[in-house]
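Subject: Structure handover and notes

Hello,

The structure we discussed is below, with my notes after it. Please read the notes with the model open.

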Amino acid sequence: MKDNQNKQPVTVIGLGMMGSALAQTFLKGGHPTTVWNRTAGKADALARLGADAAGTVAEAVAASPLVVICVLDYEAVNAILEEAGDHLEGRVIVNLTNGTPAQARQTAAWATGRRAEYLDGGIMAVPQMIGTSGAFVLYSGSLRTFQECQPTLELLGAAKYLGDDPGLAPLYDLALLSAMYGMFGGFLHAVAMVRSQQIQAEAFTSLAIPWLHAMSASLPRMAQAVDAGDHRTNVSSLYINQAGFENFIGTCQELGISAELMMPIRDLINRGVAEGYGADGLSRLAELIRKPISV
Ligand SMILES: NC(=O)c1ccc[n+]([C@@H]2O[C@H](COP(=O)([O-])OP(=O)(O)OC[C@H]3O[C@@H](n4cnc5c(N)ncnc54)[C@H](OP(=O)(O)O)[C@@H]3O)[C@@H](O)[C@H]2O)c1
């Protein structure tokens with residue numbers, strides 16, 4: 001039995017794949033843990049591990065000074081917080097639900113209006129990584145509140161504080177996820193190409209992984225170019241990438257596979273060339289994305 005006397009009680013609201021992993025980690029860390037989920041049966045496994053299953057949202061919020069929420073979306077978060085009513089006063093709400101920066105700011109203002117402290121967060125991990133050294137979690141909101149909760153929050157993964165504005169955690173979260181989806185999308189397109197020729201996707205990873213590692217080394221240089229707004233290149237120009245993209249599209253046609261994932265990048269490169277930036281490097285695309293054609 002763990003000595004729980006000095007451990008901060010925690011409530012976890014939302015026991016989907018992620019919320020259950022969060023609650024399990026608090027339990028393993030010896031924190032008295034109260035849980036609530038809309039579908040009550042999902043609390044059973046955690047109750048067997050020692051969690052208190054609250055009957056209502058209000059009971060769950062009343063049980064702990066620190067309340068972690070991880071549900072589908074902000075609509076659900078806001079409805080749950082409404083249901084908590086007066087019990088929110090004096091509580092720290094840590095909302096780890098994925099949403100937009102504006103949603104985070106709105107919910108933060110609403111919660112602080114009810115005298116709760118509010119931190120927004122973004123989980124940079126899958127449920128199986130929670131509580132391991134590979135996980136990190138982004139937080140934004142009051143620094144003092146973050147510092148008070150940090151020892152408990154560190155259990156979930158390295159706690160990275162980004163600043164006062166509650167919208168910062170979702171901004172960074174979605175930016176990091178954008179980079180991830182770009183990588184996954186590119187990889188899935190690549191394996192679709194080789195599978196169309198009966199090549200095993202798993203065998204292909206022996207080349208794809210070192211290639212992606214090597215290319216990730218160019219990210220700091222691209223980031224410097226974006227920060228400086230200086231896209232001159234001695235690596236490869238948009239002209240040469242434009243020619244390369246025609247080969248992608250041609251190869252998709254030859255293989256009889258979809259080019260859907262490649263088209264948006266090709267269109268951006270074409271726009272860059274059409275706007276007179278053909279001699280620039282790929283970093284120019286970040287500027288084009290920041291200036292959409294139709295706003
Ligand atoms: N899974 C991941 O790898 C991962 C990684 C990082 C971040 N996240 C984020 O974590 C959050 C939860 O994801 P998940 O993977 O745990 O999803 P999930 O397994 O589908 O669970 C969704 C949870 O939201 C609850 N919910 C949905 N609508 C609700 C409503 N109207 N009122 C109350 N509760 C409601 C569900 O309750 P019921 O059980 O009653 O349906 C369930 O507890 C999302 O914002 C997701 O983006 C997930």
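What percentage of the 295 residues of the protein count as buried? The figure is 33%. Please keep in mind that this is a predicted model.

Overall layout

The protein has twelve helices and eight strands. Its C-alpha atoms fill a box of roughly 65 × 40 × 30 Å along the principal axes. The domain assignment splits the chain into domain 1, residues 10–166, and domain 2, residues 172–290. Taken over C-alpha atoms, the centres of domain 1 and domain 2 are 37 Å apart. As for contacts between residues at least 6 apart in sequence, 60% of them join residues at least 24 apart.

The largest nonpolar core

In soluble globular proteins, nonpolar side chains tend to be buried together. Here the largest nonpolar core has 55 residues, and those touching the most other members are L22, A23, V35, V68 and I69. Helix α1 (residues 17–28) supplies the largest share of this core, with six residues.

V35 can be followed one step further. With neighbours within four places in sequence left aside, the contacts of V35 are V12, L15, A23, A43, L46, A51, A53 and A54. A23 is thus on the contact list of V35, and both are named among the residues of the core that touch the most other members.

A84

A84 is in helix α4, which covers residues 74–84. A84 counts as buried because 25 C-beta neighbours lie inside 10 Å, and the cut-off for buried is 20 or more. Beyond residues up to four places away in sequence, A84 touches V57, A58 and V61. For a distance across the model, take A84 and L285: they are 201 residues apart in sequence, and their C-alpha atoms are 46 Å apart in space.

Helices α10 and α11

Helix α10 runs over residues 238–255, and L238 lies in it. Is L238 buried or exposed? L238 is buried, because 26 other C-beta atoms lie within 10 Å of its own, against a cut-off of 20 or more. Apart from residues up to four places away in sequence, L238 touches I269, G272, V273, Y277, G278, D280 and R284. Of these, Y277 is 39 residues from L238 in sequence, with a C-alpha to C-alpha distance of 7.3 Å.

How do α10 and α11 pack, in terms of angle and axes? The angle between α10 and helix α11 (residues 263–274) is about 145°, and the axes are 9 Å apart. The crossing of the two helices is left-handed. On the α10 side, the contact is made by L238, Y239, N241, Q242, F245 and I249; on the α11 side, by R266, I269, N270, G272 and V273. By type, the residues of this contact are six nonpolar, four polar and one charged. I269, G272 and V273 of α11 belong to this contact and also appear among the residues that L238 touches.

A243 is also found in α10. Unlike L238, which is buried, A243 counts as exposed, because the number of C-beta neighbours inside 10 Å is 11 and the cut-off for exposed is 12 or fewer. A243 and H87 are 156 residues apart in sequence, and 62 Å separate their C-alpha atoms.

Helix α7 and two residues with positive phi

F184 lies in helix α7. With 11 C-beta neighbours inside 10 Å, F184 counts as exposed. The C-alpha atoms of F184 and M215 are 14 Å apart, while the two residues are 31 apart along the chain.

Which loop holds Q198? Q198 is in the loop between α7 (168–195) and α8 (201–216). Q198 has a positive phi of about 65° although it is not a glycine. Q198 is exposed, because it has 6 C-beta neighbours inside 10 Å.

R115 is another non-glycine residue with a positive phi, in this case about 60°. R115 sits in the loop between α5 (101–113) and β6 (117–124). R115 is exposed too, with 11 other C-beta atoms within 10 Å.

Regards

How values were computed
Residues are numbered from 1 along each chain as its sequence is written. This is a predicted model: local features need pLDDT of at least 70, side-chain atom pairs count only at pLDDT 80 or more; totals for chains, interfaces and linings use all residues. Helices (H or I, at least four residues) and strands (E, at least two) are DSSP runs, numbered from the N terminus. Two residues are in contact if their C-beta atoms, placed from the backbone, lie within 7 Å. Axes are lines fitted to C-alpha atoms, for helices over the stretch in contact, and angles run from 0 to 180 degrees between N-to-C directions. A crossing is left-handed if the near helix is turned anticlockwise from the far one by less than a right angle, and right-handed if clockwise. Ala, Val, Leu, Ile, Met, Phe, Trp, Tyr, Cys and Pro count as nonpolar, Asp, Glu, Lys and Arg as charged, and the others, Gly among them, as polar. A nonpolar core is a set of buried Ala, Val, Leu, Ile, Met, Phe, Trp, Tyr and Cys residues joined through C-beta atoms within 7 Å. Domain bounds come from an automatic or database domain assignment.
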